[in-house]
Amino acid sequence: MEALVQMNHITKRFPGVVALQDITLDIMPGEVHVLLGENGAGKSTLMKILSGVYQPDEGEVIIGGKTYAKLTPREAKENGIAIIYQELSVINELSIMENVFLGALPARKKGGIGVVNYTQMREKARTLLDSVELKRDPGETVANLNISEKQMVEIAKTLALDAKVIVMDEPTSSLSEVEAGRLFKQIRQLKKEGKGIVYISHKLDEIMAIGDRVSVLKDGQYVGTYPVKESTVDGLVTLMVGRELKNKYQGGRTAGEAGEVIFEVKNLTRKDHTVQNASFFLRKGEVLGFSGLIGAGRSELMCAIYGISPIKEGEILLNGRKLHIRNPYDALKQGIGLVSENRRETGFFGNFTIKRNISIAKQLMQTKMGGLLGMIHVKEEQEIAEKAQKEMSIKCASLEQNITELSGGNQQKVILGKWLSAGVKLVIFDEPTKGIDVGTKSEIYKLMQDLAQKGIGVIVVSSEMPELLSVCDRIIVMNRGHIKGEFSIEEATEEKLMKAAIE
Amino acid sequence: MSKSAEKDRNVRKKKTFTDYWEKYSTVAILVLMVVVFGILEPQAFMTGSNFIKIIEQSSITILLACGEFFAILLAGIDLSVGSILALSGVVTAKLMVDFGMPPALAVLIGTILLGILIGGVNGFLINVTGLPPFIITLGMQSILRGLTMIVSNARAVSGVPIQFTKCVGGRIFDLIPIPIIIVLITAGIFIFFTMKTQAGRNLYAVGGNQQAAWYAGINVKKHFLLAFMISGLCAGMAGMVNVARLAAAEPTAGTGYDTHAIAAVIIGGTSFFGGQGMIPKVVVGGLIIGVINNGLNMVGLSSYYQTIAMGVLIIAAVTLDRFFGSGNKR
């Protein structure tokens with residue numbers, strides 16, 4: 001049998017990083033081909049090449065016997081390749097049938113002008129909706145549908161395009177079990193019709209249930225393709241993460257000196273239930289890591305602690321004192337700082353100098369009425385900034401430079417300096433080395449360890465397991481909003497972390 | 001050495017045209033305007049008394065612009081300043097004429113408190129609804145225009161006490177117009193406020209990055225309230241000055257002044273995206289508009305041409321800023 005799609009020796013480089021290296025993949029008719037890998041393993045990049053969004057630097061894509069060195073989005077679409085993204089791309093304001101035929105509405109000529117033929121569109125849509133078993137009126141607005149139904153609209157969309165290969169990116173991430181069952185039924189139907197399905201998921205139980213073959217990617221490298229029948233959950237986990245720690249931080253740990261508990265969270269549940277019943281503690285002198293998949297509730301937990309998202313119930317204690325946090329101001333006032341995941345959006349002020357970015361938190365804490373009453377003390381501002389620059393070794397020509405002129409790593413140091421100047425007792429780092437070069441990374445790891453040694457609490461959320469394994473003393477794993485495991489650094493391995501994260 | 005480290009080292013480059021442009025563009029435009037009109041109409045335009053007149057005529061625009069500045073600093077806008085001017089003028093005048101209040105009390109209630117109140121309502125609605133300031137203040141503009149007509153019966157309020165017009169609209173030693181003094185004091189207070197107080201700094205922070213401001217512990221809503229209160233207060237004061245200069249309160253006063261105020265703020269180099277701008281430049285921006293209006297008058301062009309000139313200037317100023325300002329770096 002001839003493959004629907006054959007991807008040969010695909011290599012894709014981005015500035016400073018090889019995203020994909022020599023990947024070969026084929027998709028057969030009537031199979032569910034699972035793509036497995038950690039966050040950042042290159043699954044999405046590979047699929048973007050398949051759909052023509054990215055052009056590979058090396059390699060070729062063969063579709064229907066025709067070879068493309070540089071596939072364009074248009075060619076991919078014409079060749080029947082459709083992608084259903086995790087964030088569904090239906091347009092809520094339009095009707096079901098308009099969504100299904102988006103971009104190619106059935107038309108008829110009226111006085112020389114093409115007008116939409118609603119009667120024909122409704123009939124065609126009805127047939128397609130029947131085949132995905134969506135019992136809704138084609139004219140209904142998509143906003144009225146639930147997630148599962150919207151997904152069926154997406155599938156109907158691919159049917160309308162007569163897609164031969166359908167890529168599904170984490171399709172069950174927001175579905176209940178019943179809804180997922182319905183999706184699987186639909187996938188089996190598509191298989192029978194001879195379509196090739198590329199299925200991206202972290203949920204190994206699902207993969208075992210629906211997959212035919214599984215290809216594993218790791219750090220942009222191709223590990224291998226295996227029949228699902230002959231694979232085991234443990235075996236796949238090892239294939240995903242089994243690698244040597246190349247960028248291991250060599251700074252030496254503080255383990256063993258950990259003292260009394262300085263920070264504790266008891267039974268924390270968020271109002272939106274993205275975090276449920278989370279309890280953990282942090283000892284003096286240790287660095288505590290949070291591992292888990294994207295969307296497992298790690299950042300959500302930290303946002304709740306920092307007062308950004310409301311808490312339904314739970315207690316937060318710092319140095320034995322119960323905290324009352326309704327907003328970031330309360331958190332900061334009571335000694336917590338958050339180095340957030342997204343520097344540009346929530347971390348720094350692009351219109352401020354380095355000096356002002358550093359001093360703002362301390363000065364805010366010194367003034368009355370949440371900053372409405374109080375003066376700027378020019379001399380003190382300078383002193384605060386100079387001290388932080390020295391302690392963080394921020395590399396800049398002048399503190400009067402605009403912060404946007406700095407590299408990502410130095411921006412991160414400025415943000416950290418802002419919190420430390422304000423005298424926080426606990427710093428939460430959320431993906432602290434995202435987009436930061438290797439050299440600055442280890443500087444930031446060093447800063448974390450120094451803080452812990454000084455008795456300041458350090459919590460690190462990271463999707464990079466090697467990072468956690470090299471910098472933390474203890475690692476907590478979250479999975480679907482719950483704390484699912486805790487490992488001391490001695491017992492933690494990538495396999496164990498990954499297993500707890502996806503179970 | 002890694003690339004980013006190199007980047008950090010090399011950033012302090014020589015001063016570029018952009019740096020100079022940012023500092024002096026507004027003043028340069030003002031000087032250019034004065035020179036152009038000086039050449040076209042040397043006798044009437046280039047006199048000390050005409051310059052004082054220009055500043056006096058600009059005082060209302062500058063007052064409005066000083067308030068508008070804070071709305072735009074938060075990446076918002078206040079379209080109600082012209083209508084606040086009209087209502088506060090009518091109310092202040094009526095309190096004196098119909099209710100026999102002493103001018104000081106009438107100013108306190110009809111100008112200061114009313115201005116702060118309306119601005120506060122603007123800010124409150126923006127915070128509660130989460131709608132853009134454009135929508136809220138546009139609605140407010142219409143509401144206030146209607147209110148002004150009802151309060152005044154659509155008639156001008158005349159017979160304002162002479163001590164009021166003298167104190168607010170007159171001249172010291174028959175030379176320096178008091179509106180100029182009011183503008184100088186107001187601008188001075190705001191320069192101090194924006195540069196030396198924490199609240200002023202916070203407004204720049206909120207305007208520059210609302211999310212980061214919230215993460216840094218700044219109460220964003222309080223600062224929106226504050227900014228629009230300041231804007232309302234300034235508009236109220238502009239209403240007071242307007243009544244004093246005309247010795248009567250016109251219910252239709254201030255029509256189109258929103259545009260003047262916004263133009264002055266923008267020509268003064270304030271970023272429409274928030275977080276960047278300075279009061280002194282906004283004052284110069286207001287003067288530029290005054291010079292254009294006065295100069296075109298002298299040259300003998302009708303007010304229709306003045307309107308066109310202002311439109312051209314707004315677009316030109318922002319376009320130049322886009323090419324030479326620091327905004328294009330990001």
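**View 1. Helix α9(A), whose buried residues are A:Arg298, A:Ser299, A:Leu301, A:Met302, A:Cys303, A:Ala304 and A:Ile305.** Buried here means under 20% relative accessible area, exposed over 50% and partly exposed in between (1.4 Å probe, protein chains only). This is a predicted model, in which local features need pLDDT of at least 70 and side-chain atom pairs pLDDT 80 or more, while totals for chains, interfaces and linings use all residues. Residues are numbered from 1 along each chain as written, chains are lettered from A and ligands numbered from 1 in written order, and side-chain values use heavy atoms, without hydrogens and water. With 7 of its 8 residues buried, α9(A) is largely enclosed by the rest of the structure. Follow the chain just past the end of this helix and you meet A:Gly307, which takes a positive phi of about 85°.

**View 2. The open sheet of chain A and the helices that pack on it.** Helices (H or I, at least four residues) and strands (E, at least two) are DSSP runs, numbered from the N terminus. Read across the sheet and you will find 6 strands in the order β18-β19-β20-β15-β21-β22, with mixed pairing. At the two edges are β18 (336-339) and β22 (482-488) of chain A, each of which pairs on one side only. Neighbouring strands of this sheet are turned by 20° against each other on average, direction ignored. Now look for the helix of the previous view: α9 (residues 298-305) lies across β15 (287-291), β18, β19, β20 and β21 (474-479), and it runs at about 130° to β15(A). Helix α17 (residues 494-502) of chain A also packs on the sheet, where it touches β15, β21 and β22 and makes about 30° with the direction of β21(A). Axes are lines fitted to C-alpha atoms (for helices, over the stretch in contact), with angles from 0 to 180 degrees between N-to-C directions.

**View 3. The parallel pair β19(A) and β20(A), and the loop that follows β19(A).** Strands β19 (residues 426-430) and β20 (residues 457-461) of chain A run in the parallel sense and are joined over 5 bridges; two strands pair if DSSP finds at least two bridges between them. To find your way along the pair, start at A:Leu426, whose bridge partner in β20(A) is A:Gly457. Beyond β19(A), in the loop that leads to α15 (438-453), sits A:Glu431. Its phi is near 45°, a positive value in a residue other than glycine. Is A:Glu431 buried or exposed? At 12% relative accessibility, A:Glu431 counts as buried.

**View 4. A:Ile459 and the largest nonpolar core.** Such a core is a set of buried Ala, Val, Leu, Ile, Met, Phe, Trp, Tyr and Cys residues joined through side-chain atoms within 4.5 Å. The largest one has 223 residues, and those with the most contacts inside it are A:Phe263, A:Phe280, A:Phe290, A:Leu301, A:Ile305, A:Ile336 and A:Ile459. Helix α12 (residues 220-246) of chain B gives the most to this core, with 13 residues. A second, separate core has 26 residues, including A:Ala76, A:Val198, A:Ile200 and A:Leu217. What surrounds A:Ile459? Leaving aside neighbours within four places in sequence, A:Ile459 is in contact (heavy atoms within 4.5 Å) with A:Phe263, A:Phe280, A:Leu282, A:Leu288, A:Phe290, A:Met302, A:Leu426, A:Val427, A:Ile428 and A:Phe429.

**View 5. Strand β4(A) with its partners β1(A) and β5(A).** Strand β1 (residues 5-14) pairs with β4 (residues 58-63) in the antiparallel sense over 5 bridges, and A:Thr11 has A:Glu58 as its bridge partner in β4(A). On to β5 (residues 66-68): this strand is joined to β4(A) by 3 bridges, again antiparallel, with A:Val61 standing opposite A:Tyr68. The hairpin of β4(A) and β5(A) has 2 residues between the strands, and there A:Gly64 takes a positive phi near 55°.

**View 6. A:Asn267 in strand β13(A).** You will find A:Asn267 within residues 261-270, which make up this strand of chain A. Although A:Asn267 is not a glycine, its phi is positive, at about 50°. A relative accessible area of 42% makes A:Asn267 partly exposed.

**View 7. B:Ala249 in strand β4 of chain B.** This strand covers residues 248-249. B:Ala249 counts as buried, at 1% relative accessibility. Not counting residues up to four places away in sequence, B:Ala249 touches B:Gly89, B:Val90, B:Ala93, B:Arg155, B:Ala156, B:Val157 and B:Val243. Look for B:Ser158 too: 91 residues separate it from B:Ala249 in sequence, yet the two are 6.5 Å apart in space, C-alpha to C-alpha.
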